[in-house]
Amino acid sequence: MAPLSVISLSLCFLLPLLSPAISTNSEGNALHALRRRLSDPTNVLQSWDPTLVNPCTWFHITCDSNNHVIRLDLGNSNISGTLGPELAQLQHLQELYKNDISGEIPKELGNLKNLVGLDLYGNRFEGEIPKSFSGLKSLRFLRLNNNNLTGSIPRELTALSNLKVFDVSNNDLCGTIPVDGPFGMFSMPSYANNMRLNGPELKGLVPYNFGC
């Protein structure tokens, strides 16, 4: 049996080697879980190998200098499927781009505190815009246009003081348009073609004005 001092020394030597792999693999595991939700007929995600130390060498993934995933871009990749709560594990994610994705938008995306750009336009998302998006304090770009979203625009989003671009056109949203916070500067085309959405100067941009 090895002396306790040798065992302690061995653990101290191994922990610095193991810790980075554990940290980065949590992001790789989250992305691999996402891959299982997606249909990939042309194998564009073939490089997503969960046995690698981190996902920074995978196609469609961008990492920072600390090997944290900061960008996920699957646009124009002929990929379909759904998003899941595992994306909330990508705590350093700054930009998310998707295409041909269906289902509801996971409320867990509201936990991505570093997210700057969220471009989920041109998909087949349904359900409501998550109120949890109010937690995305770094968010500057939120594009949810050309989906099948319903419900009202959450008033909680008026707290997003850094939001510069907002587009929910071509959905099925209802209710009234917020006017507080950054919403005072968004132009009416950002809300176009939501048949039940009410707001000033929407005449000609929506066929009807009905409440929720």
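Contact here means heavy atoms within 4.5 Å. Keep that in mind for the exercises below, and remember that this is a predicted model.

**Exercise 1. Place Asp-40 and work out what its charge is up against.**

Step 1: find the element. Asp-40 sits in the loop that links β1 (38-39) to β2 (61-63).

Step 2: list the company. With neighbours within four places in sequence set aside, Asp-40 is in contact with Leu-45, Gln-46 and Ile-79.

Step 3: look for a salt bridge. The cut-off is a side-chain nitrogen of Lys or Arg within 4 Å of a carboxyl oxygen of Asp or Glu. For Asp-40, the nearest side chain of opposite charge is Arg-35, 5.1 Å away. So no salt bridge by that cut-off, and Asp-40 is buried all the same.

**Exercise 2. Is Ser-80 buried or exposed?**

Step 1: locate the residue. Ser-80 belongs to strand β4 (residues 80-82).

Step 2: apply the threshold. Buried means under 20% relative accessible area. Ser-80 has 19%, so the residue counts as buried.

Step 3: see what surrounds the residue. Not counting residues up to four places away in sequence, Ser-80 touches Arg-37, Leu-38, Ser-39, Asp-100, Ile-101 and Arg-124.

**Exercise 3. Trace the open sheet and say which strands stand at its edges.**

Step 1: write down the order. Six strands line up as β2-β3-β5-β7-β9-β11, with mixed pairing.

Step 2: pick out the edges. β2 and β11 (165-167) each have a single partner strand, so one side of each lacks a neighbour in the sheet.

Step 3: check the angle. Ignoring direction, neighbouring strands are turned by 10° against each other on average.

Step 4: go through two pairings. β2 and β3 are antiparallel over three bridges, and they make a hairpin with five residues between them. In that turn, Asn-67 has a positive phi of about 65°. β3 (residues 69-73) and β5 (residues 95-97) run parallel, again with three bridges.

Step 5: follow Arg-71 across β3. Thr-62 stands opposite Arg-71, while the bridge partner of Arg-71 in β5 is Glu-95. Leu-72, for its part, has Leu-96 as its bridge partner in β5.

**Exercise 4. Which residues of the largest nonpolar core touch the most other members?**

Step 1: name them. The core has 46 residues, and the answer is Leu-72, Phe-166 and Tyr-191.

Step 2: find the contributing elements. α1 (4-37), β2 and β3 give two or more residues to this core, and α1 gives the most, with three.

Step 3: zoom in on Phe-166. Beyond four places in sequence, its contacts include Leu-142, Ile-153, Phe-183 and Tyr-191.

Methods:
Residues numbered from 1 in each chain as written. Predicted model: local features only at pLDDT ≥ 70, side-chain atom pairs only at ≥ 80, totals over all residues. Heavy atoms only, no water. Helix = DSSP H or I, 4+ residues; strand = E, 2+ residues; numbered from the N terminus. Buried < 20%, exposed > 50% of the residue type's maximum accessible area, 1.4 Å probe, protein only. Lys, Arg positive; Asp, Glu negative; His and termini not counted. Pairing = 2+ DSSP bridges. Axes fitted to C-alpha atoms, helices over the stretch in contact; angles between N-to-C directions. Core = buried A, V, L, I, M, F, W, Y, C linked by side-chain atoms within 4.5 Å.
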